[in-house]
Amino acid sequence: MRIATANETYLADEALLRTRTQWAWLGLFALVLVAAPFVLNNYWLYLACLVAINVASATGLNILTGYTGLVSLGQGAFMAVGAYTVAWLSQKTGMPFLVNILAGGLVAAFVGILVGIPSLRVKGLYLAIATIGASIILQFVFLNWSSVTGGARGLAVRPANFFGTSLTTYFQLYWAFVPITVLMVVGAANLFRTRIGRAFIAIRDRDISAEVLGIPLLRYKLMSFAVSSFYAGVAGGMWAYFFRAVGPESFTIVESIFFLAAIIVGGMGSILGGIVGATFMTLVPEILRFGVELASPYVSNAGALLSPIRTIAFGALIMLFLVFEPQGIAEIIQRVRRFFHLWPFKT
Amino acid sequence: MSDFLFFLEVSLAGLGSGALLSLTALAFVLIYKATRVINLAVSEILMMGGYFFFALAAGMSLSPWVALPLAIAGGGLIGAIVERGVIRRMLGESAISVFMVTVGLGSVLVGLVEFVWGTNPRTLPDFTGTAPVFIGQLYISRKIAIAFVVASLVIAIFLLLFRYWRGGVALRATATDQAAAYSCGINVPGVFSAAWIIGCATAAGAGILLGAIGGISPVMGAFGLSALVVVIVGGLDSVMGALVAGLLIGLVEAWAGTYLGGEYKLVSTFIILIVMLMVRPYGLFGTTEIERL
């Protein structure tokens, strides 16, 4: 039982973080984020940047799927739109990278609205299939609109330009990506304390009821698509600056499944879930790599088996979580919290 | 005149691959009708069918005619295991969760195939002969002709079974109203299992036919994406729809692939899909679902 938590003002009652413990955890987490680049070696910094990118995109998908209830298998394609926009802008103009990334997000948001139009007629699985269709059409555009996208060869990306210095090392990119991601995650957390966010949740819980309550369904569904693909576009832009090349093979349908899997594993409809899920799913392949390296002296062609093992683990994680822990890792965290809240009393 | 002949040949080839699409779509429809699950893993079970056949016929050098039923039974076995092990536990969960389980299952199956057989494409041992077939002046590849005949036969059998066989009627009853079917004494869980077994076996059979035409590889599940379009266009719960839409999509793919270029094949079908979802979300022959509060 948590005691001494009575709120005396409305402001305290609607605060995002309500207890000292939450503030303490957040402070610790912020400290870790700041200290990390000075402690980690290059390989772990590379992973940290990748995690930041994936967290941003997964949070976006969580807004659309977890909070608005519109299942999308197009997140990878939206990221690709952002990545291509950034690549094109970096080649044709010398604009600073923040502007480029913002532009990537806006273009992706526009494409997201277009892709969201079928949600006018269909929802649920049908919408998921419509987004598969949209991402295949986008893939086709990337491959064949050669004058802009570079066709099958793709585009090279010039290093991110931040007030004259170009960001090339993982150390520099970490300082660029992590603040952007933190900003976007905080934005998402706050979104659901506003009228728009509440409307999204109402649509998820029962769209017909939401319409009866006076929420214009189409407008809010399209808005959700726009916000979600804005996140994806920004994440894609960061991705472009990170890998410095974008091609039609960079974002396949597997990437879209990856993000959906990340929020399922993490916990749909929970900001924490998006963060934890994306982090977990990004790190699992690396853990498997360590495992395979450990096994390599004993197994003859362990290296060749890594990719299939990753594919199997990826699918198995999705299945296991859906069967045994449908609320995801966020629910496990909640359970641990509850245990400590009730600790001396519940036996 | 030869242009017209060429057009006919292209169309015939399109109908041939369309029949295969129909067969794969049938697997989707069967499973959806009984259990309301869109099983995206059908494409991977199709691939498993091809690999089972490969393992039995090439690996253990069995006669193709022994390997064929065994491989199909292998597909059915996967269906049974998945239904009892995973899908049954997910009863009552949201449709999206079950859909994602099948996506995960697909990933596991692809990983297993890569683990056991590697990523290189393989060719299936020949069991059909290669002499081309001529209809009048029209040339068709023998394998496509065989695929067409087999697929049409199987679909015809299924249509008859749904109409007259006890199990087929039970399946239709379950599809209409599970509770009513159950109180009439129909073994509804049994129907679920049967639908998965038969559906997955059909997919495995389609995989062997597809593998005989184009070889097998871990990425051949992409064929299932076209089949998914077929199911949506035809209507998720309509066998007739699977047949008609399969032939239609097969024709469109063949025409687009020949006259516009190979890269237009997939994109043209998916444009049809989007248009269909916008205009008639429940497909040509599907049941319109009415939603009430």
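**Group meeting: helix packing and single residues in a two-chain model**

Leaving out neighbours within four places in sequence, B:Met48 is in contact with B:Gly75, B:Ile78, B:Leu109, B:Val113, B:Ala204 and B:Gly207. I start with that residue, and I should say at once that what we are looking at is a predicted model. B:Met48 sits in helix α2 of chain B, which covers residues 42–59, and because 26 other C-beta atoms lie within 10 Å, B:Met48 is buried. One further separation may help you to place this residue on the screen: B:Met48 and B:Ala194 are 146 residues apart in sequence, and their C-alpha atoms are 19 Å apart in space.

B:Ala194 brings me to helix α8 of chain B, since B:Ala194 is one of the residues through which α8(B) meets α6(B). Before the contact itself, let me take α6(B), residues 166–176, where B:Ala170, B:Leu171 and B:Thr174 are buried. How are these three placed around the axis of α6(B)? They cover an arc of only 100 degrees, and they therefore lie on the same side of the helix. The partners against which the buried residues of α6(B) pack are α1 (2–35), α7 (178–183) and α8 (188–214) of chain B.

Turning to the pair α6(B) and α8(B), their axes are 10 Å apart and the helices pack at an angle of about 105 degrees, so α6(B) is roughly perpendicular to α8(B). On the α6(B) side the contact is made by B:Gly167, B:Ala170, B:Leu171 and B:Thr174, and on the α8(B) side by B:Val188, B:Val191, B:Ala194 and B:Ala195. Sorted by class, this contact has 6 nonpolar and 2 polar residues, and no charged ones.

For a second helix pair I go over to chain A, where helix α4 (residues 75–92) and helix α5 (residues 97–116) have axes that come within 8 Å and cross at roughly 140 degrees. The two helices, α4(A) and α5(A), are therefore oblique to each other, and their crossing is right-handed. From α4(A) the contact takes in A:Phe78, A:Val81, A:Gly82, A:Thr85, A:Val86, A:Leu89 and A:Ser90, while from α5(A) it takes in A:Asn100, A:Ile101, A:Ala103, A:Gly104, A:Gly105, A:Val107, A:Ala108, A:Val111 and A:Gly112. The contact of α4(A) with α5(A) has 9 nonpolar and 7 polar residues, and again no charged residue is part of it.

Next, the interface between the chains, in which 36 residues of chain A are in contact with 36 residues of chain B. On the side of chain A that touches chain B, at least two residues each are supplied by α6 (125–144), α10 (207–212), α12 (253–266) and α14 (302–324) of chain A. Which helix gives the largest share of that side of chain A? It is α14(A), from which 13 residues come. As for class, the residues of chain A on this side divide into 28 nonpolar, 7 polar and 1 charged.

I come back to chain B for some residues in its loops, and begin with two that deserve a look at their backbone. Most residues other than glycine have a negative phi. B:Arg36, although not a glycine, has a positive phi of about 60 degrees, and its place is in the loop between α1 and α2 of chain B. With 15 C-beta neighbours inside 10 Å, B:Arg36 counts as partly exposed. B:Ser61 is likewise not a glycine and has a positive phi, here of about 40 degrees; this residue belongs to the loop between α2 and α3 (64–87) of chain B, and because 9 other C-beta atoms lie within 10 Å, B:Ser61 is exposed.

The loop between α4 (95–117) and β1 (133–135) of chain B holds B:Pro125, which is partly exposed, with 16 other C-beta atoms within 10 Å. Not counting residues up to four places away in sequence, B:Pro125 touches B:Ala57, B:Ala58 and B:Pro64. The C-alpha atom of B:Pro125 is separated by 9.7 Å from that of B:Gly211, and the two residues are 86 apart along the chain.

My last residue is B:Val150, in helix α5 (residues 142–164) of chain B, and it is partly exposed, with 18 other C-beta atoms within 10 Å. Relative to B:Arg36, B:Val150 is 114 residues away in sequence and 27 Å away in space, C-alpha to C-alpha.

Technical notes
Residues numbered from 1 in each chain as written. Chains lettered and ligands numbered in written order. Predicted model: local features only at pLDDT ≥ 70, side-chain atom pairs only at ≥ 80, totals over all residues. Axes fitted to C-alpha atoms, helices over the stretch in contact; angles between N-to-C directions. Helix = DSSP H or I, 4+ residues; strand = E, 2+ residues; numbered from the N terminus. Parallel < 35°, antiparallel > 145°, perpendicular 65-115°, else oblique. Left-handed = near helix turned anticlockwise from the far one by under 90°. Contact = placed C-beta atoms within 7 Å. Nonpolar A, V, L, I, M, F, W, Y, C, P; charged D, E, K, R; others polar. Buried ≥ 20, exposed ≤ 12 C-beta atoms within 10 Å, placed from the backbone. Arc of directions from axis to C-beta.
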